[in-house]
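Welcome! Here is a short tour of a protein model, arranged by topic so that you can follow along on the screen.

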Amino acid sequence: MGPTEEKTANAVDIYRDTWVRFLGYANEVGEAFRALVPVSFVWGSYAVATAYVTADAVDKGKKAAVAHGDNPGKTTQVAVAVVDTFVWQALASVIIPGFTINRVCAASLYLLGRTTKWPLPVRKWTTTAIGLSTIPFIITPIDRSVDFLLDSSLRKVYNDGKKHE
């Protein structure tokens with residue numbers, strides 16, 4: 001491994017190795033609070049998560065451009081890096097977890113309404129707590145499922161199923 005490769009291998013990815021990664025979970029937090037806040041707050045949380053996904057995809061495209069220099073096929077490799085990152089992040093960080101937390105919260109609010117005599121504000125706060133506490137448990141299974149989905153489909157199109165980082 002040369003000095004450039006070693007530097008790249010040890011480099012911190014701001015979108016995956018720092019607190020910035022948590023911006024990708026903004027929409028899950030927004031969905032957990034849906035029962036308590038105006039819907040504009042929830043949509044704002046999706047805007048934050050989508051901005052994170054887009055920034056990560058652009059970053060991976062820039063890194064692919066640097067890594068491939070002036071080599072033939074550079075444009076294709078940059079496009080693959082951007083598309084792979086954007087699709088993976090959109091599914092694993094926004095779409096699937098947002099839907100999952102939304103349904104967990106909707107079901108819990110409904111069930112609490114049917115099975116308890118708690119006042120509505122207590123049921124809403126309990127629903128929010130359930131939604132927030134669900135987030136850590138869904139991350140890894142969703143990430144692995146999206147890996148499997150992309151490895152079985154999109155990644156086969158552009159690189160015979162090999163993961164693209």
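A salt bridge is a side-chain nitrogen of Lys or Arg within 4 Å of a carboxyl oxygen of Asp or Glu. Keep that in mind as you look around this model, which is predicted. The structure holds eleven salt bridges, and some of them meet at aspartate 13, where our tour begins.

**Salt bridges around aspartate 13**

- Arginine 16 pairs with aspartate 13 in a salt bridge, and their closest N and O atoms are 4.0 Å apart.
- How do the two partners sit relative to the surface, buried or partly exposed? Aspartate 13 counts as buried because its relative accessibility is 12%, and buried means under 20%. Arginine 16, with a relative accessible area of 32%, is partly exposed.
- Aspartate 13 also forms a salt bridge with lysine 60, and here the closest N and O atoms are 3.0 Å apart.
- This pair links distant parts of the chain: aspartate 13 lies in the loop between helix H1 (3-10) and H2, while lysine 60 lies in helix H4 (residues 39-68), 47 residues apart.
- Lysine 60 is buried, because its relative accessible area is 8%.
- Lysine 63 is another salt-bridge partner of aspartate 13, with the closest N and O atoms 4.0 Å apart.
- Distant parts of the chain are linked by this pair too, since lysine 63 is in helix H4 and aspartate 13 is in the loop between H1 and H2, 50 residues apart.
- Lysine 63 is partly exposed, with a relative accessible area of 41%.
- Which residues are joined into one network by salt bridges that share partners? They are Asp13, Arg16, Asp56, Asp59, Lys60 and Lys63.

**A nonpolar patch on the surface**

- Trp19, Phe22, Leu23 and Val48 make up a nonpolar patch on the surface, and together they have about 450 Å² of accessible area.
- One of these residues, leucine 23, can be found in the loop between helix H2 (14-17) and helix H3 (26-32).
- Leucine 23 counts as partly exposed because its relative accessible area is 33%, a value between the cut-offs of 20% and 50%.

**The cavity**

- How many cavities of 30 Å³ or more are there? The count comes to one.
- The largest cavity has a volume of about 30 Å³.
- Its lining is made of Tyr25, Glu28, Ala92, Pro97, Ile138, Ile139, Ile142 and Asp143.
- By type, the lining of the largest cavity divides into six nonpolar residues, no polar ones and two charged ones.
- Helix H5 (74-115) and helix H6 (120-151) each supply at least two residues of this lining.
- The largest share comes from H6, with four residues.

**Lysine 124 and alanine 32**

- Helix H6 also holds lysine 124.
- Lysine 124 is partly exposed, with a relative accessible area of 26%.
- How far apart are lysine 124 and alanine 32 in sequence and in space? They are 92 residues apart in sequence and 9.7 Å apart in space, going from C-alpha to C-alpha.

Terms used:
Residues numbered from 1 in each chain as written. Predicted model: local features only at pLDDT ≥ 70, side-chain atom pairs only at ≥ 80, totals over all residues. Heavy atoms only, no water. 1 Å grid on protein atoms, 1.4 Å probe; cavity = no way out; pocket = protein on both sides within 12 Å on 5 of 7 lines; lining within 4 Å. Points joined across faces, edges and corners; volume = space filled by probe spheres on them. Nonpolar A, V, L, I, M, F, W, Y, C, P; charged D, E, K, R; others polar. Patch = residues over 30% accessible without salt bridge, like charges linked within 9 Å, V, L, I, M, F, W, Y side chains within 5 Å. Areas by Shrake-Rupley, 256 points an atom, 1.4 Å probe, with all protein chains shown as cover. Buried < 20%, exposed > 50% of the residue type's maximum accessible area, 1.4 Å probe, protein only.
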